[in-house]
Amino acid sequence: MSSESAGRLDGKVAVITGGASGIGEATARLFASEGARVLIADRNAERGPEIASEIGADARFVETDVRNGGDVQGMFAAADDAWGRIDIIYNNAGVGPPEGNVRDCDEKTFDLVYDVNIRGVWLGMKYGIPHLERAGGGSIIATASVAGLTGLAGMAAYCASKGAVIAMVRAAAGEWASSGIRVNCICPGGIATGQGWLPAERIEASRRAWASLHPVGRSGEAGDIANAALFLASDASSYVTGQQIVVDGGWTGPDARYDTMRGVDWSQL
Ligand SMILES: NC(=O)c1ccc[n+]([C@@H]2O[C@H](COP(=O)([O-])OP(=O)(O)OC[C@H]3O[C@@H](n4cnc5c(N)ncnc54)[C@H](O)[C@@H]3O)[C@@H](O)[C@H]2O)c1
């Protein structure tokens, strides 16, 4: 922990899936800077170890496919072996590939989206909860999306998968509240990360494109979501469970149809 850090996660151990890129990477770095020991779990066995080594002795990497129950059990075992406890689980890994409309989306794409985005989050709860019980409680976070709250044409499987994550979080929160385990999710708006399919050189263009969609006038950044995850991971949110925290620069809050009427002279209607 750096000396200027507030240490909001001092003494805690966090497991973060999808920690080798984007939102997960930003969160791993932020959690470590706040005093946590961090296990980065990801399929990307090139970038993951580099990030862990950049963070330092308080971070480790375990190659993990969140669709595989054995891998998920293995990532938790690795964190437990290294540090003797787990307090925070961030089930963040997800995919959002181009789908086409519901008629044209192929079954392989649908299955991939469902397996990573729903089964992966479910496995992260199923095999993570016993560790949190042993620690006497903890915080589980998932990354859902505004796509789970609204309907985005051309992304039906992705929207449905994120809606499922929101519903799963609510159900699990009810199951585990009396055990001191909180379960919440974050619904990001458009975040300039590439989401696994946009090449790095096109992320800047996506950042500009996202800007006009968000009333605050800019794209979301991975750090915006990491800050929300820090709140949900820390004791500052000890009375918050079963919620979806929307971090979307005002995308879903204001009604854009009303906004277009700003210039209307109401006295003439
Ligand atoms: N970027 C956005 O605009 C946005 C908006 C809403 C929600 N999200 C969600 O945020 C989460 C993080 O995405 P991101 O934007 O940081 O994208 P990203 O592509 O930068 O990061 C995703 C990470 O997940 C890993 N991953 C993918 N499949 C995996 C698997 N089967 N097992 C283990 N790891 C796997 C990837 O290797 C990658 O490191 C995802 O759940 C995504 O759906 C993103």
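Reading the ligand site and the pockets

Student: Which residues come nearest to the ligand?

Tutor: In this predicted model, 28 residues surround the ligand, and those that come nearest are S21, I23, D42, Y158 and T193. To be counted here, a residue needs a heavy atom within 4 Å of the ligand.

Student: Which helices supply at least two residues of that shell?

Tutor: Two are to be named: α1, spanning 22-33, and α6, spanning 156-176.

Student: How many residues of the shell are nonpolar, polar and charged?

Tutor: Around the ligand there are ten nonpolar residues, 13 polar ones and five charged ones. Gly is put with the polar class.

Student: How do I read a polar contact, and which side-chain atom lies 2.7 Å from an oxygen atom of the ligand?

Tutor: Look for a pair of N or O atoms within 3.5 Å. An N or O atom in the side chain of Y158 is 2.7 Å from a ligand oxygen. Backbone atoms take part as well: N92 places a backbone N or O atom 2.8 Å from an oxygen atom of the ligand. At T64, a polar backbone atom is 3.4 Å from a nitrogen atom of the ligand.

Student: How much of the ligand's accessible area does the protein cover?

Tutor: Taken on its own, the ligand has 830 Å² of accessible area, and the protein covers 94% of that.

Student: Where does the ligand sit?

Tutor: The ligand is in the largest pocket, whose volume is about 1200 Å³. This pocket is lined by 46 residues, of which G94, V95, G96, Q195 and G196 are the closest to its centre.

Student: Which helices and strands each supply at least two residues of the lining of the largest pocket?

Tutor: The helices are α1, α4 (107-126), α6 and α7 (203-211), and the strand is β2 (37-42). Helices α1 and α6 also each supply at least two residues of the shell around the ligand.

Student: How do the residues of that lining divide by class?

Tutor: In the lining of the largest pocket, 23 residues are nonpolar, 18 are polar and five are charged.

Student: What lines the second largest pocket, and how much space lies in it?

Tutor: The second largest pocket holds about 200 Å³ of space. Its lining is made of L213, P215, G250, W251, P254, D255, A256, D259 and R262. By class, these divide into five nonpolar, one polar and three charged residues.

Definitions and conventions. Residues numbered from 1 in each chain as written. Predicted model: local features only at pLDDT ≥ 70, side-chain atom pairs only at ≥ 80, totals over all residues. Heavy atoms only, no water. Polar contact = N/O pair within 3.5 Å; in protein donor to acceptor, adjacent residues only side chain to side chain. Areas by Shrake-Rupley, 256 points an atom, 1.4 Å probe, with all protein chains shown as cover. 1 Å grid on protein atoms, 1.4 Å probe; cavity = no way out; pocket = protein on both sides within 12 Å on 5 of 7 lines; lining within 4 Å. Sits in = over half its atoms within 2 Å of the grid points. Helix = DSSP H or I, 4+ residues; strand = E, 2+ residues; numbered from the N terminus. Points joined across faces, edges and corners; volume = space filled by probe spheres on them.
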